[in-house]
Amino acid sequence: MHLKEELKPKDLMKDNWEEGWIEVEGEIGEVTRCPRCGSRIERKKGDIDFLDGKITVHGFEQMQCTKCGFIFMNSEQAQLYEDLYKHFIKIHEEKTDIQSSLCNIR
Ligand SMILES: [Zn+2]
């Protein structure tokens with residue numbers, strides 16, 4: 001994980017990271033088939049970006065189709081993603097507060 005500088009609050013407000021997701025209907029819990037082509041899926045660890053790539057988490061586990069390569073999250077992974085996402089936003093908000101208060105000191 002690494003942090004880049006120069007955060008703008010409006011960057012943090014972007015909420016388009018859900019694009020490309022497919023809602024899996026039916027049972028909540030373990031998804032065993034690819035929602036796109038119905039083939040077998042397996043767990044795969046990879047890098048995932050938060051906040052437009054300002055933060056990269058390595059080794060984040062997602063599900064990947066063995067046939068078409070479609071990558072998605074099951075409910076457990078989506079929950080983890082959401083927790084991390086909120087956590088990072090909080091860190092960046094605090095950081096932004098510190099920076100703006102420093103700017104006010106003359
Ligand atoms: Zn597939």
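1. The turn that joins S2 and S3 is a good place to start. These two strands form a hairpin with five residues between them, and Gly69 in that turn has a positive phi of about 80 degrees. The pairing of S2 with S3 (residues 71–72) is antiparallel and runs over two bridges. Within this pairing, Gln64 stands opposite Ile71 of S3.

2. A word on confidence should come early, since this is a predicted model. The mean pLDDT of the chain is 78, and 64% of its residues score at least 70. Among the elements, S2 has the highest mean pLDDT, 95, while helix H1 (residues 9–13) has the lowest, 53. A reader should keep the value for H1 in mind when looking at that helix.

3. The overall layout is as follows. The chain contains two helices and three strands. Read from the N terminus, the order of elements is α-β-β-β-α.

4. The three strands form an open sheet in the order S1-S2-S3, with antiparallel pairing. S1 and S3 are the edge strands, as each pairs on one side only. In general, the strands of a sheet pair through backbone hydrogen bonds, in either a parallel or an antiparallel way.

5. The pairing of S1 with S2 deserves a closer look. S1 covers residues 41–50 and S2 covers residues 55–65, and the two are antiparallel over nine bridges. Three facing pairs can be followed along these strands. Ile41 stands opposite Cys65 of S2, Ile48 stands opposite Val57, and Phe50 stands opposite Ile55.

6. The hairpin of S1 and S2 has four residues between the strands. Which phi value does Leu51 take there? Its phi is positive, near 50 degrees, and Leu51 is a residue other than glycine. Asp52 lies in the loop between S1 and S2, and this residue also has a positive phi, of about 55 degrees, although it is not a glycine.

7. Are Leu51 and Asp52 buried, partly exposed or exposed? Leu51 has 19 other C-beta atoms within 10 Å, and a residue needs 20 or more to be buried, so Leu51 is partly exposed. Asp52 has 12 other C-beta atoms within 10 Å, and a residue with 12 or fewer is exposed, so Asp52 is exposed.

8. Burial across the chain can be stated in one figure: of the 106 residues, 7% count as buried. S1 is hardly covered, with one buried residue among its ten. The largest nonpolar core has five residues in all: Cys34, Ile41, Met63, Cys65 and Phe72. Two of these names, Ile41 and Cys65, were met above as a facing pair of S1 and S2.

9. What does Cys65 touch, leaving aside its neighbours within four places in sequence? Its contacts are Cys34, Arg36, Cys37, Ser39, Ile41 and Phe70. Cys34 and Ile41 are also members of the largest nonpolar core, as is Cys65 itself.

10. Ser39 is placed in the loop between H1 and S1. Not counting residues up to four places away in sequence, Ser39 touches Arg33, Cys34, Cys65, Thr66, Lys67 and Cys68. Ser39 has 13 other C-beta atoms within 10 Å, so this residue is partly exposed. The C-alpha atoms of Ser39 and Gly69 are separated by 9.9 Å, and the two residues are 30 apart along the chain. Gly69 is the turn residue of the S2 and S3 hairpin noted in the opening point.

11. Finally, contacts over the whole chain. Counting contacts with a separation of 6 or more, 58% are between residues 24 or more positions apart.

Terms used:
Residues numbered from 1 in each chain as written. Predicted model: local features only at pLDDT ≥ 70, side-chain atom pairs only at ≥ 80, totals over all residues. Pairing = 2+ DSSP bridges. pLDDT = per-residue confidence, 0-100. Contact = placed C-beta atoms within 7 Å. Core = buried A, V, L, I, M, F, W, Y, C linked by C-beta atoms within 7 Å.
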